[in-house]
Amino acid sequence: LEAACGHPQEALFILALHTGMRRGELLGLKWQDISFTEGTLQVRRILNRVPSKMVKEGGQRYIETEPKTKKSRRNIFLTESALEALRQHRIRQLDARLKAGAAWENHDYVFCTPLGKHLTPGHDALVQLKKLLAKAGLPDIRFHDLRHSSASLLLSLGVHPKVVQELLGHTQISMTMDIYSHALPTMQKEAMEKLNRKLQQ
């Protein structure tokens, strides 16, 4: 987060860590999905790449699709840090829109190019992440690992797995528990220490 400070997509990385959202969900996010008054956002769509064999003219093309499951369509409460990052990002985006003038394409994307087009999951998200990791002297990870980091941190803080499941948009809590089983032994130890203190009162 320190390395991302001042980066054009700083808010993207803040939101990834603060919400555990998938890359496609973040890149498909629109301003209409965010309520600053309620401090929430709604996951309503995913930006997906169309396989090259399905694109007649060659190259790559991206489309907006609906989330795969009902659980994936979700409402997420935002941290104050995430909200502030989005407010500042909005100001910078409005400035870019003024500079672009007639060249601006209004798709309402939260994270977009200086001309309003969607970002690409590869170059604009993953490549930028890897540059920031190198700058920070951190190990090389996938963009999806930001989602894992968010969930692991929440569980280590004692947040109930059901809340983490809903935040991540997992269909079943068993999926959350299977993926993040590494965090459970520490949680169990802390739980037993709390129980011990309570019973000794």
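In the predicted model, F13 is buried, its relative accessibility being 4%. F143 has a relative accessible area of 4% and is likewise buried. The two residues form one of the 2 aromatic pairs that the structure holds. The ring centres of F13 and F143 are 6.2 Å apart and the ring planes stand at 45°, so this pair is classed as tilted. F13 belongs to helix α1, residues 10-19, whereas F143 sits in the loop between α4 (121-136) and α5; the pair therefore ties together parts that lie 130 residues apart in sequence.

The other pair involves W31 and F36, whose ring centres are separated by 6.4 Å. With their planes at 25°, under the 30 degrees that bounds the stacked class, W31 and F36 count as stacked. W31 is buried, at 8% relative accessibility, while F36 has a relative accessible area of 30% and is partly exposed.

The protein as a whole contains 8 helices and 5 strands. Along the sequence these elements follow the order α-α-β-β-β-β-β-α-α-α-α-α-α. The C-alpha trace spans about 70 × 35 × 35 Å along its principal axes. Of the 201 residues in the protein, 39% are buried. Among contacts between residues at least 6 apart in sequence, 53% join residues at least 24 apart.

Helix α1, which carries F13, also packs against helix α5, with the two axes 6 Å apart and at an angle of about 45°. This angle falls outside the parallel, antiparallel and perpendicular ranges, and α1 and α5 are therefore oblique to each other. On the α1 side the contact is made by F13, A16, L17, H18 and T19, and on the α5 side by L146, S149 and S150. F13 thus appears both in this helix contact and in the tilted aromatic pair with F143. By class, the residues joining α1 to α5 comprise 4 nonpolar and 4 polar, with no charged residues.

Helix α5, residues 144-156, also meets helix α6, residues 161-168, and the axes of these two helices come within 10 Å. Their crossing angle is roughly 160°. Since angles over 145 degrees count as roughly antiparallel, α5 and α6 are therefore assigned to that class. The crossing of α5 and α6 is right-handed. R147, A151, L154 and L155 supply the α5 side of the contact, and P161, V164, L167 and L168 supply the α6 side. The contact of α5 with α6 divides into 7 nonpolar residues, 1 charged and no polar. The charged residue is R147. Helix α5 accordingly takes part in two described contacts, through L146, S149 and S150 towards α1 and through R147, A151, L154 and L155 towards α6.

A backbone feature was noted at D108, in the loop between α3 (80-100) and α4. Most residues other than glycine have a negative phi. The phi of D108, by contrast, is positive, with a value near 70°. D108 is partly exposed, at 23% relative accessibility.

How values were computed: Residues are numbered from 1 along each chain as its sequence is written. This is a predicted model: local features need pLDDT of at least 70, side-chain atom pairs count only at pLDDT 80 or more; totals for chains, interfaces and linings use all residues. Side-chain values use heavy atoms; hydrogens and water are left out. Axes are lines fitted to C-alpha atoms, for helices over the stretch in contact, and angles run from 0 to 180 degrees between N-to-C directions. Helices (H or I, at least four residues) and strands (E, at least two) are DSSP runs, numbered from the N terminus. Angles under 35 degrees count as roughly parallel, over 145 as roughly antiparallel, 65 to 115 as roughly perpendicular and the rest as oblique. A crossing is left-handed if the near helix is turned anticlockwise from the far one by less than a right angle, and right-handed if clockwise. Contact means heavy atoms within 4.5 Å. Rings of Phe, Tyr and Trp (its six-membered ring) pair if their centres lie within 6.5 Å; planes under 30 degrees apart count as stacked, over 60 as edge-to-face and the rest as tilted. Buried means under 20% relative accessible area, exposed over 50%, partly exposed in between (1.4 Å probe, protein chains only).
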